[in-house]
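Reader: I'd like a close look at one part of this model, the place where the two chains meet, seen mostly from one side. Could you walk me through what is there?

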Amino acid sequence: MSIVKAKDLTFEYIRRDEEGNVDGITTAIDNVSLDIKEGQFIAILGHNGSGKSTFAKHINAILHPTEGTVWVDGMDTSDDANVWNIRHEAGMVFQNPDNQIIGQVVEEDVGFGPENMGVPTEEIWQRVEESLKAVGMYEYRKKSPNRLSGGQKQRVSIAGVLAMHPKCIVFDEPTAMLDPNGRKEVIRAARALNDVEGITVILITHYMEEIIHADKVFVMDKGKIAMEGTPREVFSKVDELKALRLDVPQVTLLAYELKKRGVNLPDGILTKEELVKALGL
Amino acid sequence: MLRDITLGQYYQSDSVIHRLDPRVKLLGTVAFVVSLFLSDYFLGYLVAILFLAICVELSTVPFKFIVKGMKTIVFLLIITVVCNLLFTTGTTVVSFWKVTITVEGIRMAFMMALRLSLLILGSSIMTLTTTPNNLTDGMESVMSPLKKIRVPVHEISMMMSIALRFIPILLEETDKIMKAQIARGADFETGGLIKRAKALIPLLVPLFISAFRRANDLALAMEARCYRGGEHRTKMKPLKYRKRDGIAYGILVIYIAAVIIVGKFGIPVGGFVW
């Protein structure tokens, strides 16, 4: 079943000058159609300004399409009556960990979503406990968010979304402000949600290493979908990715260069282990 | 470290007073303040002092901690005492140059000083024993009847708790910007008042821009998590009255009655009724 579906989606930012006259129109998303199935791990890649974050905000009904339609679990995001149901089914984790934590104590922040949804008190506690355990932050439940590291804060934010029992979570560059360790923590948590809880994960990023486990990758450029396929398919087209100013993981690049110089290797090698095996070392 | 600062003046402990419902403490403080204006004689204040002493003892907050709060009003206290001493007319005690001090003046000055000190001490007991978080919750609940006259009670308390969450973050950011500007040659420390105020501009502008950006992000994050104001909202930690809160209310009523009754009697000392 499809959880997120976009048909001919176009979104325009209208720039206005000081008098409010239209100064120019930027098309952030240009006629995009895609279909994401329930339970998938999807990665959306793209350079700055490629429209990937704008697309993410459509899934949560924060932005509405200028043209075309987006459906989340069969609900049209342009219909105001659906807004709260959509936000409940499609959670969102943002980039800056400090700017999305509302509570002064970890557990209170995780409880914020269920509180808004009108979940009864006992059930809120149950959900908070489950969600914090799922991201491995249960022992920090009484701490102030200010004392956590970036990766831990992001995991609290994930727990906060998880406590709303969504079907789908959109991660909008969740690791852009983290150190390498924090990045790993967050990606591990996202993968666990997808594997264990079966939640659809849509990961928006520009770090190539984070997408090798995805079921499907969309590469966006100038508001259009430039490439799509499995990570292996996408990474086998090194030249195309370079033309889009995206880097491939070092291992993939090495394998690509070796192959160009006549070493017999399969296309789209993603991990060190794979390369070692393919080289027969 | 800036991120470790405690806001307000909460003193961590696990006393009976700490565990009381914040609503009891809020209403109790209001009742205490009112009680200070109910009696005209010293005996009534004696009851108030006694009551406060018991509360302080029960709260397990060290007395010197509580007195710290008095520092801020020393100046106000002195002005009050001097004004009352000098400008109250009545039976003269001493008179020199153009100044006359009267019996009534001494009495007034003493009473006002006592009243002010008790007021501050009484309210510090509340802030010392209640976390800011709990306090905002309590306020939301106590003020909820005001919703009927369209006071946005929930929004006010939400704003207060968000402000509390962001104060340490913004402080840290101020520190960062300050260091960045110093590294670029900004001078925050020398020069007169005007020069220093001007020097703050390169600090305040980026700080404001960043604060607005944060506010925008936070609003988005809140909406994404289904926040739509106070309606249809349940509470993770609802305020619940327990037995001890009922007892505390009972004690408050007894206290007010005691102040009213005792406050009717004065003791004649030094040719005047105290």
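Author: Sure, let's start with the polar side of things. This is a predicted model, and between chain B and chain A there are 18 residue pairs in polar contact, both partners being at pLDDT 80 or more. On the side of chain B that touches chain A, the elements that give two or more residues are α8 (153–183) and α10 (201–224) of chain B. Sort the residues on that side by type and you get 15 nonpolar, four polar and eleven charged.

Now for how much is involved. Chain B puts 30 residues into the contact, and chain A puts in 40. The area buried between the two chains comes to about 3300 Å², with carbon and sulfur atoms giving 52% of that. In chain B, the residues that lose the most area to chain A are Arg165(B), Arg225(B) and Met236(B), and together they make up 29% of what that side buries.

Next, the charged pairs. Over all chains the structure holds 24 salt bridges, and five salt bridges are found across the interface of chain B and chain A. Here are two pairs to zoom in on. Arg233(B) forms a salt bridge with Glu115(A), where the closest N and O atoms are 2.9 Å apart. Arg225(B), already named for the area it loses to chain A, forms a salt bridge with Asp109(A), and there the closest N and O atoms are 3.6 Å apart. Arg225(B) sits in the loop between α10 and α11 of chain B, while Asp109(A) sits in helix α3 (residues 106–117) of chain A, so this pair joins two chains.

While you have chain B on screen, have a look at its surface too. Val30(B), Val34(B), Leu38(B), Ile260(B), Ile261(B) and Phe265(B) make a nonpolar surface patch of about 550 Å². Two helices of chain B, α2 (22–35) and α11 (243–262), each supply at least two residues of the patch. Val30(B), for one, lies in helix α2. And α11 has come up already: the loop that carries Arg225(B) runs between α10 and α11 of chain B.

Terms used
Residues numbered from 1 in each chain as written. Chains lettered and ligands numbered in written order. Predicted model: local features only at pLDDT ≥ 70, side-chain atom pairs only at ≥ 80, totals over all residues. Heavy atoms only, no water. Contact = heavy atoms within 4.5 Å. Buried area = accessible area lost by both parts, 1.4 Å probe. Salt bridge = Lys/Arg side-chain N within 4 Å of Asp/Glu carboxyl O. Polar contact = N/O pair within 3.5 Å; in protein donor to acceptor, adjacent residues only side chain to side chain. Helix = DSSP H or I, 4+ residues; strand = E, 2+ residues; numbered from the N terminus. Nonpolar A, V, L, I, M, F, W, Y, C, P; charged D, E, K, R; others polar. Patch = residues over 30% accessible without salt bridge, like charges linked within 9 Å, V, L, I, M, F, W, Y side chains within 5 Å. Areas by Shrake-Rupley, 256 points an atom, 1.4 Å probe, with all protein chains shown as cover.
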